[in-house]
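Please open the structure in your viewer and keep the sequence panel beside it, since this tour moves from the whole chain to single residues. At each stop, make the selection first and then read what is there.

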Amino acid sequence: MSGRSDRLSVSGGKGRGSLNMGEDVEILEVHEKHGSLYNAIPRMPVALAVFLCILNIVVPGLGTFISSWTCLCGCQTKLGKPARAFGLNLLSAFLQMISFVVIVGWVWSIIWGMNFVQIATTSEHEPSKAPYYVRRQSSVVE
């Protein structure tokens with residue numbers, strides 16, 4: 001037995017673990033945690049998302065204001081509650097329009113428009129890999 005430790009400590013998420021240096025590690029999924037304003041953005045058809053993105057660039061907050069009404073017209077959000085998503089999108093549009101004066105609202109509006117397009121183009125029907133857990137058995141003989 002060698003006195004050298006070939007172990008790598010891995011931390012992330014909820015727990016801690018350790019890996020041997022020779023093991024291959026594959027990251028299956030990465031989940032971003034977003035706030036309620038981002039989760040209130042509706043999944044719109046791509047053409048509408050692009051149009052509202054351009055509208056947000058030209059008139060800050062107007063595309064976000066119109067997108068808030070799509071929550072009530074059947075577009076899905078990550079919140080799952082259309083009335084709450086509608087209110088949060090109205091709040092976001094109002095804040096974008098007010099903070100336009102100090103340029104912050106314009107930049108926020110452009111980023112929000114890009115989020116419209118990004119959410120519209122990502123497929124919710126992508127097959128996700130199920131996590132594969134392996135229990136390692138130790139066969140230490142002394």
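Colour the protein chain by secondary structure, and you should find five helices and two strands in what is a predicted model. If you follow the colours along the sequence, the elements come in the order β-β-α-α-α-α-α.

Stay with the whole chain for a moment and switch on its surface. The protein chain exposes about 10,700 Å², of which carbon and sulfur atoms supply 62%. How many of the 142 residues, as a percentage, count as buried? The share is 27% for the protein chain. Contacts across the sequence are also worth a thought here: among those between residues at least 6 apart in sequence, 64% join residues at least 24 apart.

Next, select residues 46-74 and then residues 86-108, the two stretches that an unreviewed UniProt entry annotates as "transmembrane region". Over residues 46-74 the chain is 83% helix and 0% strand, and a distance drawn between the C-alpha atoms at its two ends should read 15 Å. For residues 86-108 the corresponding end-to-end distance is 18 Å, and this span is 78% helix with 0% strand.

Now hide everything except helix H2, residues 46-58, and helix H5, residues 104-121, which pack at an angle of about 175° with their axes 8 Å apart. Are the two helices roughly parallel or roughly antiparallel? Because angles over 145 degrees count as roughly antiparallel, H2 is roughly antiparallel to H5. To see how they meet, show the side chains on both: H2 contributes residues including Val-46, Ala-49, Leu-52 and Ile-57, while the partners on H5 include Trp-106, Ile-110, Trp-112, Phe-116 and Val-117. Sorted by class, this contact of H2 with H5 has 13 nonpolar residues, four polar ones and no charged ones.

For the last stop, bring the whole chain back and select Ala-93, which sits in helix H4, residues 82-98. Is Ala-93 buried or exposed? Its relative accessibility is 1%, and because buried means under 20%, Ala-93 counts as buried. With neighbours within four places in sequence left aside, Ala-93 is in contact with Gly-61, Thr-64 and Phe-65. Finally, draw a C-alpha to C-alpha distance from Ala-93 to Ser-67, and you should read 9.2 Å for two residues that are 26 apart in sequence.

Terms used
Residues numbered from 1 in each chain as written. Predicted model: local features only at pLDDT ≥ 70, side-chain atom pairs only at ≥ 80, totals over all residues. Heavy atoms only, no water. Axes fitted to C-alpha atoms, helices over the stretch in contact; angles between N-to-C directions. Helix = DSSP H or I, 4+ residues; strand = E, 2+ residues; numbered from the N terminus. Parallel < 35°, antiparallel > 145°, perpendicular 65-115°, else oblique. Contact = heavy atoms within 4.5 Å. Nonpolar A, V, L, I, M, F, W, Y, C, P; charged D, E, K, R; others polar. UniProt positions renumbered as here; feature names shortened; annotations may be inferred. Buried < 20%, exposed > 50% of the residue type's maximum accessible area, 1.4 Å probe, protein only. Areas by Shrake-Rupley, 256 points an atom, 1.4 Å probe, with all protein chains shown as cover.
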